[in-house]
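Biologist: I would like a close look at one part of this model, with the cut-offs stated as you go. Please start with the overall surface and then narrow down.

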Amino acid sequence: MLFASGWTVDDVLDLSWQQIALVVSCVLSFKIEQANVVSEAVSAALGGKVERKGAKRRRPNRTKQAEQNERALLAQFAQHGFDV
């Protein structure tokens with residue numbers, strides 16, 4: 001997957017296993033998003049219905065989301081033995 005995206009062997013060998021897993025996950029997510037964009041365009045061109053992402057979904061409150069992210073970060077610190 002990485003080599004098809006333009007990575008070289010030297011680039012991959014410089015990464016740890018966790019970094020490789022993260023990069024593969026990100027590249028895979030991007031490729032899936034690209035395929036969805038193309039398939040939606042083809043479907044719309046052939047007369048199919050295309051569901052828009054932003055129209056039906058309601059986004060959570062940004063302040064609540066920020067608080068949840070902060071709590072998750074503090075929980076990670078607590079797991080590693082830091083008192084915050």
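How much area does the protein expose, and what share of it do carbon and sulfur atoms supply? After that, please take helix H4 (residues 62-79) in detail.

Modeller: This is a predicted model, in which local features need pLDDT of at least 70 and side-chain atom pairs count only at pLDDT 80 or more, while totals for chains, interfaces and linings use all residues. Residues are numbered from 1 along each chain as its sequence is written, and side-chain values use heavy atoms, without hydrogens and water.

The protein exposes about 7800 Å², of which carbon and sulfur atoms supply 56%. Accessible areas come from the Shrake-Rupley method with a 1.4 Å probe, and for residues only the protein chains shown count as cover. Of the 84 residues, 6% are buried; buried means under 20% relative accessible area, exposed over 50%, and partly exposed in between (1.4 Å probe, protein chains only).

The secondary structure comes to 4 helices and 0 strands, running α-α-α-α from the N terminus. Helices (H or I, at least four residues) and strands (E, at least two) are DSSP runs, numbered from the N terminus.

Helix H4 has 18 residues and reaches 26 Å from its first C-alpha to its last, close to the 26 Å expected at 1.5 Å a residue. The expected span is 1.5 Å times one less than the number of residues. After H4 comes Gly 81, with a positive phi near 95°.

The structure holds 1 salt bridge, a side-chain nitrogen of Lys or Arg within 4 Å of a carboxyl oxygen of Asp or Glu. This salt bridge joins the side chains of Arg 71 and Glu 67 (3.6 Å, N to O). Both residues lie in H4, 4 residues apart, about one turn of the helix. An α-helix has 3.6 residues a turn, so residues three or four places apart point the same way. Arg 71 counts as exposed because its relative accessibility is 53%, whereas Glu 67, with a relative accessible area of 44%, is partly exposed.

H4 also holds Leu 74, which belongs to a nonpolar surface patch with Leu 73, Phe 77 and Phe 82. Together the four have about 370 Å² of accessible area. Patches are made of residues with over 30% relative accessible area and no salt bridge, with like charges joined within 9 Å and nonpolar side chains (Val, Leu, Ile, Met, Phe, Trp, Tyr) within 5 Å. At a relative accessible area of 37%, Leu 74 is partly exposed.
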